[in-house]
Amino acid sequence: MIKNGQTQQFDKAAFKAAVEKHLTTTYAYTTESATPHAWYLAMARALAEISTGNLLATEQKLAKEKARSVNYLSLEFLIGRLTGNNLISLGLYENVASAMEELGQNLTDLLEEERDPALGNGGLGRLAACFMDSLAAQEYPAVGYGLHYEYGLFRQSFEQGRQVETPDGWRGVEGYPWEVVRPELTQTVSLYGYVESYLDEDGNNYRRWVPGMTVDGIAWDLPIVGYDNNSVYPLRLWECRSPAPFNLARFNDGDYVGAQYPALEAGNVTKVLYPNDNHDQGKALRLMQQYFHCACSIADILRRHHAAGNEIEDLAKLETIQLNDTHPTIAIPELMRVLIDEYKMGWEAAWAICSQTFAYTNHTLLPEALETWSEALIQQMLPRHMEIIFEINHRFLKEVEAAWPGNNDVKRKLSIIQEGPQRMVRMANLCVVSTYAVNGVAALHSELVKRDLFPEFNELYPGRLTNVTNGVTPRRWIKYCNPGLSELISEKVGSDWPVHLEKIAGLAEFADDEAFQQRFMAVKKQNKQRLADWVKTNMDIDLDTNAIFDIQIKRLHEYKRQHLNLLHILALYHRLLNDPTFDMHPRVFFFGAKAAPGYALAKDIIFAINKVAEKVNNDPRLGGKLKVVFVPDYRVSLAEILFPAADVSEQISTAGKEASGTGNMKFAMNGALTIGTMDGANVEMREEVGDDNIFIFGLLVDEVQKLKQEGYDPYRYYNADSMLRAAMDLLDSDEFTPGQPGLLSAIRQNLLEGGDPYLVLADFADYVKTHEKIDAAYRDQKTWAHKAILNTALMSKFSSDRSIRDYANNIWNLKPVKC
Ligand code: AZC
């Protein structure tokens, strides 16, 4: 088997033969007729043979050793392209480049042929991908469990500036070369039906679920290749198929089936990823996705547990299950159901296992993102689970009564069931009650989880609520995406920094070394050129790499305040045209963002930025000082070009709203300076780099809360600040939509009459002033280089390797196992 250079030799001839074999036998091309896409597919298949072999070997070894594992349950894994990354992890990049060269192919071009598997929305899904990478790199035994969506996050294009969504068939017609189907792991999942009591042979009374239908769960494995080691872990994605016709025999009562039929097209369950980021939609099909995901995953965890020769009583000793947000919460009542109904355990024994097996990560405080499901819907789709949830709640409320005797307010507040005209199940409450650890994703966020979201739970279960600050993988987000910087780093601190990121601190001593500064800035310049070339090719906009590249890339959301950025751009535009004393260093403002298809204001903001871009980029009066570029279809592979090219990173959410952020870390690692609020992980980044090397502005969390309590009035700011007024009023004019005033008014309307829920106007003045400081700082290139180098040097805390070690040591109690 071919593996990384340390353990096995790369057999170039054998590899070339494997590629040619796949080209002809798997994809039916001759070497003469093959397209670049076919070459890429054949190459990736040849590589996947290596990783699949190692995946099976890793599985066997871990089973034999009875190793404790973490099961990472997530409805999203935004893994991005695998080929380049896996080549680096396998240590085969140069070897394969040379092999492909001999076959007349250029590796860099072939890597561009891969479509992004966009199986996630944003931060939460990308975090799951970074975590899988870090688990494998450090050999903490793990399985990732997700869904095999036929369509990932929609593709975005712009028509006359407006977002248009089209389906993302990420696997293409040929299938994705890195995945392998595992038919022997197929699971059967039940839905609907009713619950009945029965007596077993010994006269014991039991409950059982008589399902209305079943579907099949097919396992697809993607290899998560450990960097420079022999471990390959599965990312196991479940695809739903319908074993038609489903079990009608038991339900010949036509009405009964008829009533359920419309919701049920099983083939649809894993058809498409729900495109909402930080927003709960409450659709029945989504609940079905969640349950399908959990039922398959729990069954597979139990299968592995027994296959390794372990007893069910030892489940919590050998397996831990991390719930990535509340989306997989239904796994908790599912495991209870299996233990009680199938293993015939008593409630206490089952609960002892469950409550020691699950842990939960909270990723947001936004009320609209906290999941609740209608009791009626769960009752209909998962009747046995609803019974179990009631029982969990019943027992929990007794605990509450013991802690706060006679206090019905606190009971109402903490209850898993929310009373009201339509009773709802609060998934986060179910999680806190049923897990052994609950973590937030940055220090500030975790404090707010304790203080504002779950203060009583924190009293009731001292120590359960904790923090693990997020991180990102330096393999993809430095080594792979920024080869120029990687070489510089290796030269100064040695080449093992991708798995020992603490070593990059060694760069700090070169922060004042002029020669090093120049080389560092030269790399930045090359990366800016690479981005400028992409923009020229794909958008036909000319950019000057001497300009400041100022970038905001993340989902479009009011709380992330892309419209604050827009108002600043409008203010600059206004000043350049009206204030002869005003000067600025040329700047390019980049945006990349998808808006949820149903989120009207977010789409209006995209439209406004595109319209402003159209005008600004072609206005000779601006003398090329201002450019605006909204890259279409922002995705992981574009992020890999954008992060390394940034001078300035925009992290400008309203304080208290962004749980952590992870793009902020990727920018700083690649030497961009942050302009940011005291929110999420920005707070900890400031601690690491020091106040001089980050541009902080805006209201603090407590100031935000105070201002809201006092009664926030956006007009106060609008009336008092002529520059803000000018910027806002441009939105009401036809400056950017000639002959059609009012097309951009919705944003202004929302900020003034809509009450400006995210305090854009309150933070505007400080934001503008802070940008002026950035302008001044950039003019002194030596000082700027010094700051940029320190940003890279001081980011080691934000490696996801550190996050995973925190989870392993403080939550999972997990030890690495060398393969
Ligand atoms: C995101 C948070 O908004 C972001 O701040 C954080 O960095 C990321 O998770 C990873 O922890 N949350 C989501 O994407 N979605 C939800 C439902 O929270």
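Buried area is the accessible area that two parts lose on being put together, summed over both. With that in mind, welcome to a few close-up views of a predicted model.

**View 1. Three domains share the chain.** Domain 1 covers 1–64 + 83–115. Domain 2 is assembled from the stretches 65–81 + 116–157 + 176–469 + 805–812, and domain 3 takes in 474–700 + 758–798. Between the C-alpha centres of domain 1 and domain 2 there are 35 Å.

**View 2. Domain 1 meets domain 2.** Here 33 residues of domain 1 touch 30 residues of domain 2. The two domains bury about 2,600 Å² between them, and 51% of that area is on carbon and sulfur atoms. On the domain 1 side, look for Leu55, Leu62 and Arg115, which lose the most area to domain 2; together these residues make up 21% of what that side buries.

**View 3. Salt bridges and polar contacts cross the interface of domain 1 and domain 2.** There are 4 salt bridges across this interface. Glutamate 59 and arginine 236 form a salt bridge, with their closest N and O atoms 2.9 Å apart. Polar contacts join 16 residue pairs between domain 1 and domain 2.

**View 4. Helices α2 and α3 help build the domain 1 side.** Both α2 (36–64) and α3 (83–90) supply at least two residues of the side that touches domain 2. The most come from α2, which gives 17 residues. Sorted by class, this side of domain 1 has 13 nonpolar, 12 polar and 8 charged residues.

How values were computed. Residues are numbered from 1 along each chain as its sequence is written. This is a predicted model: local features need pLDDT of at least 70, side-chain atom pairs count only at pLDDT 80 or more; totals for chains, interfaces and linings use all residues. Side-chain values use heavy atoms; hydrogens and water are left out. Domain bounds come from an automatic or database domain assignment. Contact means heavy atoms within 4.5 Å. Buried area is the accessible area (1.4 Å probe) that two parts lose on being put together, summed over both. A salt bridge is a side-chain nitrogen of Lys or Arg within 4 Å of a carboxyl oxygen of Asp or Glu. A polar contact is a pair of N or O atoms within 3.5 Å; within protein, one must be able to donate a hydrogen and the other to accept it, and residues adjacent in sequence count only if both atoms are side-chain atoms. Helices (H or I, at least four residues) and strands (E, at least two) are DSSP runs, numbered from the N terminus. Ala, Val, Leu, Ile, Met, Phe, Trp, Tyr, Cys and Pro count as nonpolar, Asp, Glu, Lys and Arg as charged, and the others, Gly among them, as polar.
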